[in-house]
Each structure stands twice: as C-alpha cells, then as structure tokens.
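Open the model in your viewer and keep the sequence panel visible. The tour starts with the whole chain and then moves to a few strands.

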Amino acid sequence: MSELPPGANQSLPVGVVRVRVPGPFDISALITGEDRRVSGDADFVFFNQVSAPGVRLGGDTVTVDPSGLRAGATRVTVVVSPADTTHTLGDLPPPAMTLTGASGTLLARFTPPRPRTETVLLLAEIYRRGAQWKVRALGQGYADGLAGIARDFGVDVEEETQTPSGLSEFQRGVVELTNVERARHGLRPLAPQPQLTACAQAFSADMITRAFFSHTDPDGREPWDRAMAAGYLYSRIGENIACGQRSPAEVVQGWMDSPGHRKNILTAEFTEIGVGYVTGGTYGTSWTQVFGTPR
C-alpha cells in the first residue's frame with residue numbers, strides 16, 4: 001500500500017477498484033478519452049445519475065471496472081465537493097481518499113493539501129497507459145465549481161435549483177411540508193442540518209446504486225451508524241425512506257399515512273432533519289429523511 005503525494009502515480013491490479021472518500025463530501029466521476037473531454041452528459045456520474053458503463057456511485061464510494069468502460073474511455077477522474085453547498089472545501093478537513101481492489105485489499109491512500117477557496121476538487125484519476133491501468137493523485141481545485149469542470153471537461157449537466165440553505169427544491173419541499181405537519185400538531189419545526197442532509201442524500205444514492213430498499217444497508221449498517229459516520233453526534237436518530245414518489249407532497253403524504261413514518265415526523269424530541277432525494281433505479285426516485293437530536 002502506498003501513501004501517494006500529489007502528482008504521483010501507481011500501477012493497479014487487473015479488475016475492479018473502489019475509491020472511497022468519507023466525510024461531508026459529495027463524490028462524483030468524469031469518464032473521458034485521451035482528449036480529457038466527456039463524450040456527453042452520460043459520462044458524468046454524480047448523485048442524480050449514479051451509474052455509467054464501468055462506473056458506479058454508492059454513498060461515499062466510486063467503483064470503477066476498467067473492462068466495462070464505454071468504447072474510447074481511457075480515464076476516470078474522481079471529483080469531490082462539499083455536501084453542504086454553503087461551504088468551500090477550505091471550511092472542511094482535506095478529503096482523505098482510500099483505493100481498494102476487488103478483494104478489499106488496500107492499494108493506496110491520498111490526502112491532498114488543504115484547499116482554500118475551491119468548491120470542487122479533482123482528487124485522483126484512474127487512467128490507462130498502454131495495457132496498464134494506473135492511479136494518479138491530483139488535488140486540483142476549482143474556485144468556480146462546476147463552471148470550471150464544464151469548461152475543462154465539456155460537461156453540460158442540468159443541476160437542481162439550489163436554495164440559499166444549499167438544499168435542492170425537492171429537499172426543501174420535504175422539509176417545509178414535514179414542518180407543516182408538525183405545526184398542525186403543535187410541534188416545533190425541524191431545522192435542516194448539513195451532516196444529516198449528507199447522510200440522507202448518500203443513503204438515497206446507495207439504495208439506487210445497490211438496488212435495495214431497507215433501513216439496514218447491505219453492509220449491515222443502521223441509520224445511527226450512518227449518522228455517526230457522517231460526523232453527527234446524536235442523542236436520538238430516526239429515519240424514513242420511500243421510493244417511486246414524484247414530488248415532496250406525494251412522499252410526505254405517504255409517510256403521514258403510515259403509522260411508523262408518521263411517528264418519526266411527529267416526534268417532539270427531534271429538532272433537526274436531513275433529506276435525501278435521488279432519481280434513477282427501478283422505481284425512479286429514492287427519498288430519505290433522517291431525524292436527529294444532537295447531544
């Protein structure tokens with residue numbers, strides 16, 4: 001196993017590799033050819049488009065199968081940005097990457113120097129040199145965020161509208177409607193919480209990527225495990241999940257019609273909330289609410 005400095009490269013074994021970046025980050029990937037330009041929007045894998053040939057996003061991990069990449073693809077660039085879009089990367093600890101092989105063997109680590117005003121960071125790239133696949137540590141940041149990515153890679157992805165709180169319209173809608181229901185029962189509103197939001201968003205993406213629907217993920221982790229992994233110190237945690245609903249109104253009504261989900265929404269002790277919303281998969285949408293009471 002190697003600790004890579006910026007700019008260093010290392011050969012990779014044949015087969016699938018996984019890049020994991022834990023913490024309050026969104027992770028995504030760009031698939032390019034020798035010209036370092038995407039061939040279309042389908043070459044950008046992110047929380048709202050979680051897979052492409054040879055690349056899959058699940059939670060805080062990008063899985064790359066070089067043999068499954070589209071024709072002409074010779075490079076997969078891993079990108080990180082703050083999960084809470086009101087922050088720059090300089091507000092957070094440097095994103096620490098681990099690279100593992102198909103069997104789980106640790107192949108390499110890379111932690112870039114702490115960024116300053118950058119909002120998006122090219123962390124590493126998995127690329128082909130002749131018949132050999134390699135990984136290179138990058139650490140190149142963009143202060144202009146996705147605009148810089150679009151300029152250099154030719155990405156044209158329609159983003160969800162972001163509110164001043166950093167939530168998408170769908171996430172904000174779920175928060176607002178949940179608080180309407182709480183107000184009807186004389187309860188205090190829930191405040192959006194960045195770590196719970198990152199936790200919920202990652203779990204919605206994971207359910208689509210790994211095609212499961214359960215509060216217990218395939219690795220055996222429960223809601224409280226995921227909240228702790230996201231850095232949220234809690235005294236109480238609850239979680240609602242749903243799939244297939246087309247709007248915040250539809251999903252919140254569905255939860256209110258279900259006794260167990262309704263109980264979470266109307267629990268007086270909860271004070272904070274995170275909402276996840278991802279499109280894709282068998283049912284078309286994946287929704288998560290994570291409720292918390294901090295210590």
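A residue counts as buried under 20% relative accessible area, as exposed over 50% and as partly exposed in between, with a 1.4 Å probe and protein chains only as cover. Select the whole protein chain: of its 295 residues, 49% are buried. This is a predicted model, in which local features need pLDDT of at least 70 and side-chain atom pairs count only at pLDDT 80 or more, while totals for chains, interfaces and linings use all residues. Residues are numbered from 1 along each chain as its sequence is written, and side-chain values use heavy atoms, without hydrogens and water.

Stay with the whole chain and colour by secondary structure. The protein chain has 6 helices and 17 strands; these are DSSP runs numbered from the N terminus, with at least four residues (H or I) for a helix and at least two (E) for a strand. Along the principal axes, the C-alpha atoms fill a box of roughly 65 × 35 × 35 Å.

Next, select residues 51–52, strand β6, and residues 55–58, strand β7. The two run antiparallel and are joined by 2 bridges; strands pair if DSSP finds at least two bridges between them. Ser-51 has Arg-56 in β7 as its bridge partner. Between β6 and β7, which form a hairpin, lie 2 residues, and Gly-54 in the turn has a positive phi of about 85°.

Now add residues 61–64, strand β8. β8 pairs with β7 in the antiparallel sense over 4 bridges, and Leu-57 has Val-62 in β8 as its bridge partner. This hairpin also has 2 residues between its strands, and Gly-59 in the turn has a positive phi of about 65°.
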